[in-house]
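Trainee: I've got a protein model open on my screen and I'd like to learn how to read it. Could you walk me through it, one feature at a time?

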Amino acid sequence: MLNVTLASPHRHRSLTLFPLLARDAPELPYALMADALQHGVLRITEVGSGTVPELLAANGGESTILVLDGEQLVGARQNRTTSRSLLLPAKSETKIPVSCMERGRWHFESEDFQPTRSNSPTAVRRQAREVEAERAREGEAVPTGALSAAQGRVWDTIAGHSELLHSHSDTGALDDLYAIRAEELDGWASRYAVQEGQVGLLAFLGGRPLGMDVIGCTRLYARLHERLVRGYVMDALGARARGRTISPETAQRYLGRVRSARRVESPTVGLGRYAVLAGEVIGGELMDGGRLVHLSAFPADPRRSRGVAESRSDAPIAPPSRRRRS
C-alpha cells in the first residue's frame, strides 16, 4: 500500500469522503479500460455464444490496460460488472471474470460491450470480495473461477437496491437505476472534486466506513475519480443513514486495519500479482513489479466472518433458459 495521508473530508448529507494523497506515487504506464474501449483499442465480447461469469477482452494496443473491479459493461447478451482488478497485457486476449447485473435479459443487443460513467456501488462490488475472504480465512488461495459464487448475492443486492430507491428496471439492470436517478447522482457527485496529489478516497456512510480505493498513480486516479465517486454516491442514495462528523482519528484507524489486514496471494489472469485481504477488512490488492496498482478495501461483514449462512445469496447461476427474458 502507498504511504497515503488523509486530506480534509468533504461531506454531503450522509456521505463523507476523505481524499487520500501521496507524494511518492510513481507514474504507471497503463491505459484505462473505458478509454481503451472508446478508442477501439480494446474489445470486450461474449465468450462464444455467451457464458455468465466470463467475457473475452482483446487488447489490440501496445499498452497494458488496467481494469478495475466494479466497472460496468453494457451491451451484448446482458450487462456485466467486472469482478476483480486486472492488468491486460498488450496484444493479448484474456478471459476476465465478471458478474451479471441484468438478470432478466439474455439476448444480444450488440456484439461488443461499452463502458458506463460509473463504477458499481460497494454493495455490489463487495460480493466478490466476500467470496474471496471466506476462502482466504481458511488459508486458501482464490482463483478467478471462484468468483462466480458471488452471482446470486449480486442479483439479490441489485434487487434490494432497486427497492430502496423505489426504482424499477424491466430486466433488473443496475445501469437502469443510474439512469433513473441520474440528475440526483450528478448533483451529489459534483460535490467531491479531485484534489492535487490525490490517489484514492476513503468513504463513510453516516458513522460507519463504507469502502476505500487507492490507485498507485495520481494521473490514473484523476481519470477514475468521478467514476469511483459515483459508485459510492449510489450506495448513499439508497441508504437511510444520517450525516455525521467523522474524525481524522476514526479514518486513521480504518487505514490501520487495511494496512494490517492478512493478505493471501491468489492466482489471477493477466499481469501482476493479486492478493486477497481478509480480517477486519476485506478487499483485493493488485501489484505489478513491486508497485501498487489498485487496492480496494471494505469493512468485513461480521455475520459472514462468523460463518452465518445466507438464505438466497449463494444460489447457483441459472442457465439462460431458466431466467426471465425481456
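**Reading the model, piece by piece**

Mentor: Let's start with a small detail: His166, just after helix 3, takes a positive phi of about 55°. Keep in mind that this is a predicted model.

Trainee: Okay, and what about helix 3 itself? How many residues does helix 3 have, and how far does it reach?

Mentor: Helix 3 covers residues 151–164, which makes 14 residues. From its first C-alpha to its last it reaches 20 Å, close to the 20 Å expected at 1.5 Å a residue.

Trainee: Is helix 3 mostly covered or mostly exposed?

Mentor: Here's a general idea to hold on to: an α-helix has 3.6 residues a turn, so residues three or four places apart point the same way. Now the case at hand: helix 3 is mostly covered, with 10 of its 14 residues buried. Among them are Gln151, Gly152, Arg153, Val154 and Trp155, and further along His161 and Ser162.

Trainee: Now the sheets, please. What holds strands together in general?

Mentor: Strands of a sheet pair through backbone hydrogen bonds, either parallel or antiparallel. In this model, one open sheet has 6 strands in the order 5-6-11-9-8-12, with antiparallel pairing. Its edge strands are strand 5 (42–51) and strand 12 (113–119), and each of these pairs on one side only. If you ignore direction, neighbouring strands of this sheet are turned by 40° against each other on average.

Trainee: Which helix packs on that sheet?

Mentor: Helix 6 (residues 218–237) does, touching strand 8 (71–75) and strand 12. The direction of helix 6 makes about 70° with that of strand 12.

Trainee: Can we zoom in on one pair of strands? How many bridges join strand 5 and strand 6?

Mentor: Strand 5 pairs with strand 6 (residues 54–59) over 6 bridges, in the antiparallel sense. To find one on your screen, look for Glu46, whose bridge partner in strand 6 is Leu55.

Trainee: And the sheet of 3 strands: what is its order?

Mentor: That open sheet runs 4-7-10, and its pairing is mixed. Strand 4 (31–32) and strand 10 (86–88) are the edges, each pairing on one side only. Strand 7 (residues 65–67) and strand 10 pair in the antiparallel sense over 3 bridges, and Val67 stands opposite Leu86 in strand 10.

Trainee: What about strand 13? Why is it described as largely enclosed?

Mentor: Because 8 of the 8 residues of strand 13 (residues 198–205) are buried, it is largely enclosed by the rest of the structure. Strand 3 (residues 15–21) runs antiparallel to strand 13 and is joined to it by 7 bridges; for instance, Pro19 has Leu201 as its bridge partner. Strand 13 also pairs with strand 14 (residues 208–215), in the antiparallel sense over 6 bridges. There, Gly200 stands opposite Val214 in strand 14.

Trainee: How many residues lie between the strands in the hairpin of strand 13 and strand 14?

Mentor: That hairpin has 2 residues between the strands, and Gly206 takes a positive phi near 65° in it.

Trainee: How do I read the surroundings of a single residue? Let's try Gly211 and Ser110.

Mentor: Check where the residue sits, how covered it is, and what it touches. Gly211 lies in strand 14 and is buried, with a relative accessible area of 0%. Beyond its neighbours within four places in sequence, Gly211 is in contact with residues including Leu201, Tyr232 and Phe298. Gly211 and Leu17 are 194 residues apart in sequence, with 9.8 Å between their C-alpha atoms.

Ser110 is found in the loop between strand 11 (92–100) and strand 12. Ser110 is partly exposed, with a relative accessible area of 28%. Leaving aside neighbours within four places in sequence, Ser110 is in contact with Gly75 and Ala76.

Trainee: Last one: at what angle do helix 5 and helix 6 pack?

Mentor: Helix 5 (residues 182–189) and helix 6 pack at about 120°, with their axes 10 Å apart. Helix 5 passes helix 6 in a right-handed crossing. Where they meet, helix 5 brings residues including Leu185 and Trp188, and helix 6 brings residues including Val229 and Met234. By class, this contact has 8 nonpolar, no polar and 3 charged residues.

Methods
Residues numbered from 1 in each chain as written. Predicted model: local features only at pLDDT ≥ 70, side-chain atom pairs only at ≥ 80, totals over all residues. Heavy atoms only, no water. Pairing = 2+ DSSP bridges. Helix = DSSP H or I, 4+ residues; strand = E, 2+ residues; numbered from the N terminus. Axes fitted to C-alpha atoms, helices over the stretch in contact; angles between N-to-C directions. Contact = heavy atoms within 4.5 Å. Left-handed = near helix turned anticlockwise from the far one by under 90°. Nonpolar A, V, L, I, M, F, W, Y, C, P; charged D, E, K, R; others polar. Expected span 1.5 Å × (residues − 1). Buried < 20%, exposed > 50% of the residue type's maximum accessible area, 1.4 Å probe, protein only.
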